[in-house]
Amino acid sequence: MKNKEKKNKKKKNFLSLVPMLIFMLVGAAFGVLFAQIDNSDMGIYGNIIFFAIFILGVYLAIFFHVIVHEAGHLVFGLLSGYKFSSFRIFSFMWIKDESGKTKLKKMSITGTAGQCLMLPPEEKDGKIPVVLYNLGGSFLNIIAGLIFLVVFLACGYTYFGVAMALFALVGIATALINGIPMRLGGVDNDGYNVISISKSREAARAFQIQLKVLEQLSRGVDIRKMPAEWFEIPSDESMKNSMAATIGVFGCERLVCDERFEEADALMAHMLEIESGLIGIHRNYLVCCRIYNELIGENREDVIEKMLSDEQKKYMKAMKSNITVIRIEYAIARLYEYNDTKAEKILASFEKAAKAHPYPIEIEIERRLIEIVDQKAAQACIQ
């Protein structure tokens, strides 16, 4: 068992280096191509131009290919029978609301530069198409990369031509980083998702449910009013699959929204203890929920301090604009630090984030959970 764990750890450590290695190769290739440009008459300015083009080019190329990548999910999703739900580039999110109108909102998820969510088609022979939708982003990155490569070949070793080569390299690099199955920054990439879905019927069902839940939220449906069978907790064995484990997270979230805190806490503690496919950000999310449960419950200082590890604080800092994390920070300020001045500032940031949040129903639920914090604080003052 220990040998298996060591082997898996080594594999994860190697895969975590893959993106860096790919972009190091991109940088090296760009350097070789740039060296072919005759800029001998520019002296030191030639090196300055090199670095300027490279840094600016990389940023522009990454931004461009993030858009292309998510557009690929959208295009190949539509071709596979999926329906548009939302489209996010960095923190800008276009989402279809309950009236069918597409609105611009703001939302960021650590570990992701973009996301295209779609409603899956009805099953045929017990299956839905998953490969084109999940890998469509990588396909379009490769297509765009090849187009830029053709432009480079036509322009040759000019500044513009080499810049086009850089766009080609970044496109292919983006396709590889998203297409080679691996977990990046605590999030499964597209290739990993395809592998997870293909492993079992339950994982495929979990994939469908995730998309349906998010689509229902965009239409203003309360998670507590969605079909109960969507939130049936998978077995421990099933939750070794990351897709199935996400349904467990949704189940915990539903219990919290329903204010069944003790039941939710017991389930979250169990999910964090067992061997599962929980991705990093979901683990941190569950710990956030447990911190809240502890604060409004027994509020034991040693328990909270243990849960507020360096890793957890890093996650909460990265997700500081997320309304759930803001609510947890508010609870910590009021019930753990007893700092009402800090709590007021956090509440102001909550209101700011709420204005741009894509799911209005979640804002209502979060406000209710904040009220519970206030009630707990008021009771503490009386005592």
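## Phe90 and its stacked partner

In this predicted model, Phe90 has a relative accessibility of 33% and therefore counts as partly exposed, and Phe63, with a relative accessible area of 42%, is partly exposed as well. The structure holds 12 aromatic pairs. In the pair formed by Phe63 and Phe90, the ring centres are 5.8 Å apart and the planes lie at 5 degrees, under the 30 degrees that bounds stacking, so the pair is classed as stacked.

This pair links distant parts of the chain, since Phe63 belongs to helix H2 (residues 44-79), whereas Phe90 lies in the loop between strand E1 (83-89) and strand E2 (92-96), 27 residues apart.

## Other aromatic arrangements

One aromatic cluster is formed by Phe30, Phe34, Phe54 and Tyr159. Elsewhere, the ring of Tyr292 has the charged end of Arg327 sitting over it, at 4.5 Å from the ring centre.

## Nonpolar cores

The largest nonpolar core comprises 85 residues, of which Phe207 and Tyr292 touch the most other members; helix H9 (residues 280-296) gives the most to this core, with 10 residues. When neighbours within four places in sequence are left aside, Phe207 is in contact with Tyr82, Ile128, Val130, Tyr133, Asn134, Ile197 and Met243.

A second core, separate from the largest one, has 24 residues, among them Val26, Val58, Val162 and Ala165.

## Helix H4

Helix H4 (residues 159-179) has 21 residues and spans 30 Å from its first C-alpha to its last, close to the 30 Å expected at 1.5 Å a residue. This helix is mostly covered, with 15 of its 21 residues buried.

Terms used: Residues are numbered from 1 along each chain as its sequence is written. This is a predicted model: local features need pLDDT of at least 70, side-chain atom pairs count only at pLDDT 80 or more; totals for chains, interfaces and linings use all residues. Side-chain values use heavy atoms; hydrogens and water are left out. Rings of Phe, Tyr and Trp (its six-membered ring) pair if their centres lie within 6.5 Å; planes under 30 degrees apart count as stacked, over 60 as edge-to-face and the rest as tilted. Helices (H or I, at least four residues) and strands (E, at least two) are DSSP runs, numbered from the N terminus. Buried means under 20% relative accessible area, exposed over 50%, partly exposed in between (1.4 Å probe, protein chains only). A charge sits over a ring if NZ of Lys or CZ of Arg is within 6 Å of the ring centre and within 35 degrees of the ring normal. The expected span of a helix is 1.5 Å times one less than its number of residues. A nonpolar core is a set of buried Ala, Val, Leu, Ile, Met, Phe, Trp, Tyr and Cys residues joined through side-chain atoms within 4.5 Å. Contact means heavy atoms within 4.5 Å.
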